[in-house]
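Me: Please take a close look at one part of this structure, the metal site. Then place it in the wider layout of the chain.

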Amino acid sequence: MFLCIDIGGTNIKSCLTDTEGNCLDRMTVRTPEMYEEILEVIGSVADKIDSFDACAVAVPGTCAPETGEVLFCPNLVCLTGQNLKNDLEKSLEKPVFIENDANLAALGEYYFVEKGNIKNMIFLTIGTGLGGGAVLNGELLTSDISLFEAGHINLTPDGRQCGCGKRGCLETYASIGGIIQTYRSLSNGKEAENVNVIYNAAKAGDKVAALTFEVFGGYLGVGMASLANILVPENIKIGGGISEMSDIFLPHTLKIFSKNIYPAYKNRVSIELSTLKNTAGLSGASALCKTKLSNI
Ligand SMILES: [Zn+2]
């Protein structure tokens, strides 16, 4: 049995899985503000479980999986600089593994959906931000620091200000905030309450809303082509809340992707929607426990 935890900026999701990744017990708790409270939440989830063999935690930022330190967590700053692995191993008295949340989503989708039938895969999760993870030759692409910050590949050096402190990152265009900002600039300052309002307007034939999603889809296509040129995955999976709106942007994304990918790689990379959707991270945590324990 594995205790799988996904720490998000809003909620902490947990799930007890068997060794095949089946979820036996699921829980969602609001993310507290202090680091010690986060440890307490995870501790109390563990207390409710009879027994488990290991725990894996999906972290919403950059971490050092081997040493267990969280290095950069802009959306949940209380985690930055903390050694989450060591602190949880002390309180849970079990092996604990940590990894970036989008990387674990990639691993979950690869392990439980592709089941190892392909070699290389990229996973993008598009919501508040744009996260990414990759599997290369059947293994999660990671190192002494978690890799693959797909949202921060640079599209335009003098472009929009990004939360990371740089300008023109893919995430500033291809995310919920990016869509709302594009709509604002295309409509001369009109504010959309949320992204669903723009989506529904586009579906109802509003030209500015439709153009907003075309701009989003175009940037996404360019970004995906850049990533595909480096790793040449058999497929790129799209997950996260915005993937639910694919009917309105995906055709344009595919067109721009195909136009920008390196000629030798054309028609080798398919683009698909994620199957596991928002449980991919927890599934990846389960897969991480399984692969780590089998290597001990
Ligand atoms: Zn950035």
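Reply: Cys-164 is partly exposed, because its relative accessibility of 26% lies between the 20% and 50% cut-offs. Cys-169 has a relative accessible area of 2%, under the 20% limit, so Cys-169 is buried. Keep in mind that this is a predicted model.

Both cysteines bind the zinc ion through SG. The other protein donors are His-152, through ND1, and Cys-162, through SG. These donor atoms lie 2.0 to 2.3 Å from the zinc ion. What geometry does the site of the zinc ion have? It is tetrahedral, with angles of 106 to 116° among the 4 donor atoms. The assignment follows because all angles must lie between 85 and 135 degrees, and these do. Along the chain, the zinc donors are spaced as H-x9-C-x1-C-x4-C. His-152 thus opens the pattern and Cys-169 closes it.

Now the wider layout. The domain assignment splits the protein chain into domain 1 (2–104 + 278–295) and domain 2 (119–275). Domain 1 is therefore listed as two segments, while domain 2 is listed as one. Over C-alpha atoms, the centres of domain 1 and domain 2 are 26 Å apart. Their contact draws 11 residues from domain 1 and 15 residues from domain 2.

How much area do domain 1 and domain 2 bury between them? The figure is about 940 Å², with 56% of it on carbon and sulfur atoms. On the domain 1 side, Thr-62, Ala-102 and Asn-103 supply 48% of the area buried against domain 2. No other three residues supply more.

Polar pairing is there too. Across the interface of domain 1 and domain 2, 4 residue pairs are in polar contact, both residues being at pLDDT 80 or more. The salt bridge count between domain 1 and domain 2 is 0.

Key: Residues are numbered from 1 along each chain as its sequence is written. This is a predicted model: local features need pLDDT of at least 70, side-chain atom pairs count only at pLDDT 80 or more; totals for chains, interfaces and linings use all residues. Side-chain values use heavy atoms; hydrogens and water are left out. Donors are N, O and S atoms within 2.8 Å of the metal (3.2 Å for Na, K and Ca); water is not among the atoms, so sites may look incomplete. Four donors count as tetrahedral if all angles lie between 85 and 135 degrees; four count as square planar and six as octahedral if opposite donors are over 155 degrees apart and all others between 65 and 115; anything else is irregular. Buried means under 20% relative accessible area, exposed over 50%, partly exposed in between (1.4 Å probe, protein chains only). Contact means heavy atoms within 4.5 Å. Buried area is the accessible area (1.4 Å probe) that two parts lose on being put together, summed over both. A salt bridge is a side-chain nitrogen of Lys or Arg within 4 Å of a carboxyl oxygen of Asp or Glu. A polar contact is a pair of N or O atoms within 3.5 Å; within protein, one must be able to donate a hydrogen and the other to accept it, and residues adjacent in sequence count only if both atoms are side-chain atoms.
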